[in-house]
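Biologist: Could you take me through the charged side chains in this one, and how they sit among the parts around them? I'd like a close look rather than a tour.

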Amino acid sequence: MSDSDAPGGRDSPGIRTDPDADADAEAGTEAGPDPKFAHTRSISPSSLSPSLEADTEINVGINIDIDFAKVFQALPSPVMLLAPDLTIIAANRAYVQVSGRGLEELVGRFIFDVFPDSPSEEATGARTLRTSLERLLATGERDTMALQKYDVEVPDRPGVFEERYWSTVNIPVLDADGRVSLIAHRVEEVTALVRARQAATPAPGTQHATLTTLSREDAMTADLLTRSQELQELNEDLRKAHARTHEVAVTLQRAMLPGTALPRHDFAAVRYQPAASFLNVCGDWYDLIDLDEDRLAAAVGDVVGHGLEAAGVMGQLRSALSAAIRATGRPADALTTLAQHAHTVEGALATTAVQAVIDRAAHTVTYSCAGHPPPLLAHPDGTVELLNAATDPPLAASDDTVPRTQATVSYTPGATLVLYTDGLIERRGEDIDRGLHRLTHSLEHHHTLPPEPLADAILADLVPAPRRGPDDDTALVVIRL
């Protein structure tokens, strides 16, 4: 297969190669600055060390021109850079040397076209590496692989594979939206240590090793590498178990939520996205109920819990709130009842919820929040109102004999009400107000869309693909009033 025939080949958009620079890299000479890596930066003493930041006596700036192409080539560890489609973008000298491939054989080609698995039935190297890379793309998190056997085809001898062992780390480079824009694939070859370990291990039925010159340090290192392989196998079993539990929890969650297809409510759209991580899945719910011909009740909630336990608590609370709003018709009374009930449900502490009642005859929205992010009301002229005039503590987190508050706001037909859970606006290491601002801006921009495409547009703006997935469950309800 030629380079241009490979997936994401050398002529593909966004990939530029310089044959002269490639030749320089292979020869071990210094190529000129590559725009993909070269960068000039002015560095002040405070940026070099946090301890210097408070030292007001130091005021001399240091100007350093950093050629990242040279830094990359100088790294002693073999490193290869991959695009999200697993096309090879670059490789440093150390990687070229250890792989036995020139840059012209690497850059622009699909990694598994360059390094296929050996035809041996026991070969799992390519499959294991692909799993690691796909996990990184899905989670946006570094994936450290333990020792693995990955045989490599001998250069200029097609079909002949050499036994090789590797310790690998796959490191994501994220863009401003948290998407994986680049993968740094770093390897260390440990073939020699593994072979030494194998040679030092007595054969079955013998009492002594066939090799006795292995140093104590090398023996310990080789033994650790062997144990790490066993640990990797155990971790893989745990991942599979977590994946099965995640699937069961999400299935249970979806089974307890109202159907996402609402033919009776063509003025409403609902969305539920489970968290990418098993640790944060299955605590959110939504509900839409016709109270009578003119009134519609809408609710969303979030259980502070994870997995199957959270899904079970969610199901109990959603059903209880549904019954309470049908019986009372008042959001504050319904949440007061739910808060009292939450004391009897293990795992319900600090659950948040918002209940709204839409009166289409009176053109009003009456709502009450229990520690939950406020609903948004987008008026027909595009202005967005934050409904935060009736917010009380989360369920079972205070004296729930005290009646909860509620507020009523008027709307003009054509307005849009949006209820959501914090998974939509919350991001790790970021103030939640920034997420609320993003949601407000998205609603201002798309408020004229019908409910279904509006819900999709909001999710696209706040959880852009191919982002690794939300850090938390996300429930979204969009209602055209």
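Modeller: Let me pin down one word: a residue is buried if its relative accessible area is under 20%, exposed if that area is over 50%, and partly exposed in between. By that yardstick, 45% of the protein's 481 residues are buried. Bear in mind that this is a predicted model. The fold has 13 helices and 20 strands, and of the contacts between residues at least 6 apart in sequence, 63% join residues at least 24 apart. The accessible surface is about 23900 Å², with carbon and sulfur atoms supplying 53% of it.

Now for the charges. Searching the whole structure turns up 12 salt bridges. My pick to begin with is arginine 271, which pairs with glutamate 452 in a salt bridge with an N to O distance of 2.6 Å. Because arginine 271 sits in strand E10 (residues 268-273) and glutamate 452 in helix H13 (residues 451-462), this pair ties together parts 181 residues apart in sequence. Arginine 271 also makes a salt bridge with aspartate 456, where the closest N and O atoms are 3.0 Å apart. Aspartate 456 lies in helix H13 too, so this second pair links strand E10 to parts 185 residues away in sequence.

How covered are these partners? Arginine 271 is buried, because its relative accessibility is 17% and the cut-off for buried is under 20%. The two acids on helix H13 are partly exposed: glutamate 452 has a relative accessible area of 35%, and aspartate 456 has 40%.

There's another pair where the acid is the covered partner. Aspartate 143 and arginine 135 meet in a salt bridge at 2.7 Å, N to O. Here aspartate 143 is buried at 7% relative accessibility, while arginine 135, at 22%, counts as partly exposed.

Aspartate 143 also leads us into some strands, since the numbering of strand E5 covers residues 143-149. E5 runs antiparallel to strand E8 (residues 165-174), with five bridges joining them; methionine 145 stands opposite threonine 168 across that pairing. E8 then pairs with strand E9 (residues 180-189), again antiparallel, over nine bridges, and valine 173 faces leucine 182 there. The hairpin of E8 and E9 has five residues between the strands, and in it glycine 178 takes a positive phi near 85°. In the salt-bridge list you'll also find a network linking Glu162, Arg164 and Glu189. Of those, Glu189 falls within the residue range of E9.

Arginine 101 is the odd case. You'll find arginine 101 in the loop between helix H4 (93-99) and helix H5 (103-106). Arginine 101 is buried but has no salt bridge, and the nearest side chain of opposite charge, that of glutamate 153, is 4.6 Å away. Why doesn't that pair count? Because a salt bridge needs a Lys or Arg side-chain nitrogen within 4 Å of a carboxyl oxygen, and 4.6 Å misses that.

Backbone oxygens do come within reach, though. The side chain of arginine 101 gets to the backbone oxygen of glutamate 153 at 2.7 Å, and one of its polar atoms lies 3.1 Å from the backbone oxygen of serine 99. If you skip neighbours within four places in sequence, arginine 101 is in contact with Val96, Leu106, Val114, Phe115, Val152, Glu153 and Pro155.

Set that beside arginine 438, in helix H12 (residues 432-446). Arginine 438 counts as partly exposed because its relative accessibility is 27%. Its side chain makes a polar contact of 2.7 Å with the side chain of glutamate 430. Not counting residues up to four places away, arginine 438 touches Ile425, Arg427, Glu430 and Leu462. Its C-alpha atom is also 9.3 Å from that of isoleucine 458, a residue 20 places along the chain.

For contrast with these charged spots, have a look at strand E12 (residues 295-302), where seven of the eight residues are buried. On one side, E12 pairs antiparallel with strand E11 (residues 284-290) over seven bridges, and a hairpin of four residues joins the two. Leucine 288 stands opposite alanine 298 in that pairing. E12 also pairs antiparallel with strand E13 (residues 352-359) over eight bridges, and aspartate 302 has threonine 352 as its bridge partner there.

Technical notes
Residues are numbered from 1 along each chain as its sequence is written. This is a predicted model: local features need pLDDT of at least 70, side-chain atom pairs count only at pLDDT 80 or more; totals for chains, interfaces and linings use all residues. Side-chain values use heavy atoms; hydrogens and water are left out. Buried means under 20% relative accessible area, exposed over 50%, partly exposed in between (1.4 Å probe, protein chains only). Contact means heavy atoms within 4.5 Å. Accessible areas come from the Shrake-Rupley method with a 1.4 Å probe; for residues, only the protein chains shown count as cover. Two strands pair if DSSP finds at least two bridges between them. Lys and Arg count as positive and Asp and Glu as negative; His and the chain ends are not counted. A polar contact is a pair of N or O atoms within 3.5 Å; within protein, one must be able to donate a hydrogen and the other to accept it, and residues adjacent in sequence count only if both atoms are side-chain atoms.
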